[in-house]
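Me: I would like to go through a structure by question and answer. Please keep each reply short and end it on the value or name I ask for.

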Amino acid sequence: MTAANVASSPPCALEEIAGLVAAGRLRVPLAATFPVEEVRRATAPQADRHVRGKVVIDL
């Protein structure tokens, strides 16, 4: 699979990504998880642009 943004992704890209996740071959590092009530606090790690991983807001 080649890197692509949403606008240029082929229709089968989501299926391919789901297969990689299911096979344990794709992992997304998480930097932090916040409940939705703390959404303002969740933006702080991203403000300095040095986050290693994704910041998740749990709905």
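The turns below go through this predicted model, from the chain as a whole to single residues.

Me: In what order do the elements of the protein chain run from the N terminus on?
Reply: The model is predicted. Its protein chain has three helices and two strands. Read from the N terminus, the order of these elements is α-β-α-α-β.

Me: What percentage of the residues of the protein chain count as buried?
Reply: A residue counts as buried at under 20% relative accessible area. The protein chain has 59 residues, and the share that meets this cut-off is 7%.

Me: What share of the exposed area of the protein chain do carbon and sulfur atoms supply?
Reply: The area that the protein chain exposes is about 5300 Å². Of this area, the part supplied by carbon and sulfur atoms is 57%.

Me: Which residues form a salt bridge with each other, and how far apart are the closest N and O atoms?
Reply: The structure holds one salt bridge. Its partners are Glu-38 and Arg-41. Their closest N and O atoms are separated by 2.5 Å.

Me: Is Arg-41 buried or exposed, and what is its relative accessible area?
Reply: Over 50% relative accessible area a residue is exposed, and between 20% and that value it is partly exposed. Glu-38, at 28%, is therefore partly exposed. Arg-41 is over the upper cut-off and so counts as exposed, with a relative accessible area of 52%.

Me: What accessible area does the nonpolar patch with Val-36, Val-39, Ile-57 and Leu-59 have together?
Reply: Val-39 belongs to helix 2, residues 39-42. Val-39 is partly exposed because its relative accessible area is 36%. On the surface, Val-39 joins Val-36, Ile-57 and Leu-59 in a nonpolar patch, and the accessible area of these residues together is about 370 Å².

Me: Which residues does Gln-46 touch, not counting residues up to four places away in sequence?
Reply: Gln-46 sits in helix 3, which covers residues 44-47. Gln-46 is partly exposed, because its relative accessible area is 43%. Leaving out residues up to four places away in sequence, the residues that Gln-46 touches are Val-51 and Val-55.

Me: What separates the C-alpha atoms of Gln-46 and Ala-31?
Reply: Along the chain, Gln-46 and Ala-31 are 15 residues apart. In space, the separation of their C-alpha atoms is 9.8 Å.

Definitions and conventions: Residues are numbered from 1 along each chain as its sequence is written. This is a predicted model: local features need pLDDT of at least 70, side-chain atom pairs count only at pLDDT 80 or more; totals for chains, interfaces and linings use all residues. Side-chain values use heavy atoms; hydrogens and water are left out. Helices (H or I, at least four residues) and strands (E, at least two) are DSSP runs, numbered from the N terminus. Buried means under 20% relative accessible area, exposed over 50%, partly exposed in between (1.4 Å probe, protein chains only). Accessible areas come from the Shrake-Rupley method with a 1.4 Å probe; for residues, only the protein chains shown count as cover. Contact means heavy atoms within 4.5 Å. Patches are made of residues with over 30% relative accessible area and no salt bridge: like charges are joined within 9 Å, nonpolar side chains (Val, Leu, Ile, Met, Phe, Trp, Tyr) within 5 Å. A salt bridge is a side-chain nitrogen of Lys or Arg within 4 Å of a carboxyl oxygen of Asp or Glu.
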